Amino acid sequence: MAPGTRSLQSPSPLLGLRRRRLFLLLLLLLGLSAAATVAQPPFEAFQAGHGASSFPAVAAVAPLRRYLLYDVNPPEGFNLRRDVYIRVASLIKTLLKSEAWVLVLPPWGRLYHWQSPDIHQVQIPWFEFFDVPSLNKNIPVIEYEEFISEAGGPFIDQVYVLQNYAEGWKEGTWEEKIDERPCIDQLMYSTDRHKYYRGWFWGYEETRGLNLTCLSVQGSASVIAPLLLNISARSVMLDRAENLLHDHYGGKDYWNTRRSMVFAKHLRVVGDLFRTHYLNSTDEKDSTQYIEDWTKMKVKLGTAIGGPYLAAHLRRKDFIWGHRSDVPSIQGAVKKIQSLLKLHKLQRVFIATDAIVEETEELKKLLPQMVRFEPTWEEVELYKDGGVAIIDQWICAHARYFIGTSVSTFSFRIHEEREILGFDPKTTYNRFCGDEEKTCEQPTHWKIVY
Ligand SMILES: Nc1nc2c(ncn2[C@@H]2O[C@H](COP(=O)(O)OP(=O)(O)OP(=O)(O)O)[C@@H](O)[C@H]2O)c(=O)[nH]1
Ligand SMILES: *[C@@H]1O[C@H](CO)[C@@H](O)[C@H](O)[C@H]1NC(C)=O
Ligand SMILES: *[C@@H]1O[C@H](CO)[C@@H](O)[C@H](O)[C@H]1NC(C)=O
Ligand SMILES: *[C@@H]1O[C@H](CO)[C@@H](O)[C@H](O)[C@H]1NC(C)=O
């Protein structure tokens, strides 16, 4: 494991600053050569990330584009965050019709569920989990540290904290709207002695917001586009972006963005090796050929066969603490798995779960056919909890038959992955029922719109 470790680790926070200094130097040189016509920008003004439009020299170096940043309510999990990315991507598509914008990928970290001890899990760039060139085939994106160097420093011109309307919405009168309003919740930001806003910027302590306003919003992501096109701030951050809804859930734009969220290659490779070694499953045998370029991938439903194993996602922890009636006991889940194994004439079941050790021990006893991806500490350090979850999802996505947990976004993302791979919907849109659940409604089939 050791040799790969280094290259995968997130760049040090200093890297961006070093790059920035280089960039400023370059800028100064350019500025000097253009000095006859262009007044030298005050250094401090540029550092503060003011709109570059008044400094033509900048345009020669960085494309004159505007930056959209966002963050999500801290308690939200990895898979809900993947959904918010889709909503923000459609906002970018709307903005791009009028201006050059780029989405700054919010570094991963401080997720409630990522509890592996002694592993540093903040400031994780997107390339550790997703294939960034694939994202770029859908909308222009850059990592946060690229933003710091390109925009000239860790400054965000305008932060909008999105919130609902204090008065709620009157029944029967749904309308899309957006208004600057006093902040409803206690602000998670404070001002420093320079009147800059300090707060949680993905763990980058040197990042500051120059201005901050609360924005009540009701509607889909693009509702905010007219406002963004009407202000001069070059970099805008939308905090609590989960308050924006989908422009068109399940439509072509939705699916293009979803399909562009290709898992990072190194994680897919780990999943594929596991399939080969422990599940007798390869793309060739399973008819699940993957095309690296997602824009070229369009598989007819029912073409994919999948590996000779059943896969189950058993979401536990907070899903059972509330004694939800739609989540089974371990015994209930095992009973269902045994009957599915028999029905589909399969010998093995791959289990993805966040269960505590006591429960997995019980599973092992009751379910000798069980196979799990059990990373060593070094592997968790290398892939992080997010990467391990992706490997689990990748293996589930390649099974002959999948069954997930009711309303878990972790399971939903597996549905989508299987839809992309071209599985028969009957083998995908299945969930466990609670032990006492009467009407156990099964998940909805969402067809890809190409
Ligand atoms: N490796 C692994 N991790 C899991 C599994 N199920 C849940 N987790 C972990 O628990 C977290 C919570 O699930 P998420 O789906 O991301 O959280 P969420 O977006 O709130 O989604 P749900 O709570 O499932 O609706 C995941 O991010 C994982 O870290 C699993 O089967 N395998
Ligand atoms: C901060 O943003 C608000 C809302 O966009 C704006 O009215 C105000 O003028 C800005 N303040 C500064 C100092 O730019
Ligand atoms: C654009 O800005 C102007 C001046 O600040 C304001 O009068 C107008 O209402 C704004 N339009 C939108 C769509 O926000
Ligand atoms: C692996 O699968 C192939 C068919 O795809 C089968 O012929 C072979 O016996 C299997 N091997 C094992 C060890 O199960």
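**Notebook: the sheet and ligand 2**

I began with β6 and found that this strand pairs with β10 (residues 212-218) in the antiparallel sense, over four bridges. The model is a predicted one, and I read the entries below with that in mind.

I looked up one residue pair in these strands: Glu180 has Leu215 of β10 as its bridge partner.

Next I traced the whole sheet. It is open, has seven strands and mixed pairing, and runs in the order β3-β2-β1-β11-β5-β10-β6. I noted β3 (141-143) and β6 (177-180) at the edges; each has a single partner strand, so one side of each lacks a neighbour in the sheet. From one strand to the next, the twist averages 30°.

Then I checked two helices. Helix α5 (residues 78-96) packs on the sheet and touches β1 (66-70), β2 (101-105), β3 and β11 (235-239). The direction of α5 makes about 160° with that of β2. Helix α7 (residues 144-151) lies across β1, β2, β3 and β11, and I have it running at about 95° to β3.

Last, I turned to ligand 2. Which residues are around ligand 2? I listed Gln158, Tyr160, Glu180, Asn211 and Thr213. By class, this shell has one nonpolar, three polar and one charged residues.

I looked up distances from polar side-chain atoms to an oxygen atom of ligand 2. For Asn211 the distance is 2.3 Å, for Glu180 it is 3.3 Å, and for Gln158 it is 3.4 Å. Ligand 2 taken alone exposes 360 Å², of which the protein buries 36%.

Terms used
Residues are numbered from 1 along each chain as its sequence is written. Chains are lettered from A and ligands numbered from 1 in the order in which they are written. This is a predicted model: local features need pLDDT of at least 70, side-chain atom pairs count only at pLDDT 80 or more; totals for chains, interfaces and linings use all residues. Side-chain values use heavy atoms; hydrogens and water are left out. A residue is near a molecule or strand if one of its heavy atoms lies within 4 Å of it. A polar contact is a pair of N or O atoms within 3.5 Å; within protein, one must be able to donate a hydrogen and the other to accept it, and residues adjacent in sequence count only if both atoms are side-chain atoms. Accessible areas come from the Shrake-Rupley method with a 1.4 Å probe; for residues, only the protein chains shown count as cover. Ala, Val, Leu, Ile, Met, Phe, Trp, Tyr, Cys and Pro count as nonpolar, Asp, Glu, Lys and Arg as charged, and the others, Gly among them, as polar. Two strands pair if DSSP finds at least two bridges between them. Axes are lines fitted to C-alpha atoms, for helices over the stretch in contact, and angles run from 0 to 180 degrees between N-to-C directions. Contact means heavy atoms within 4.5 Å.
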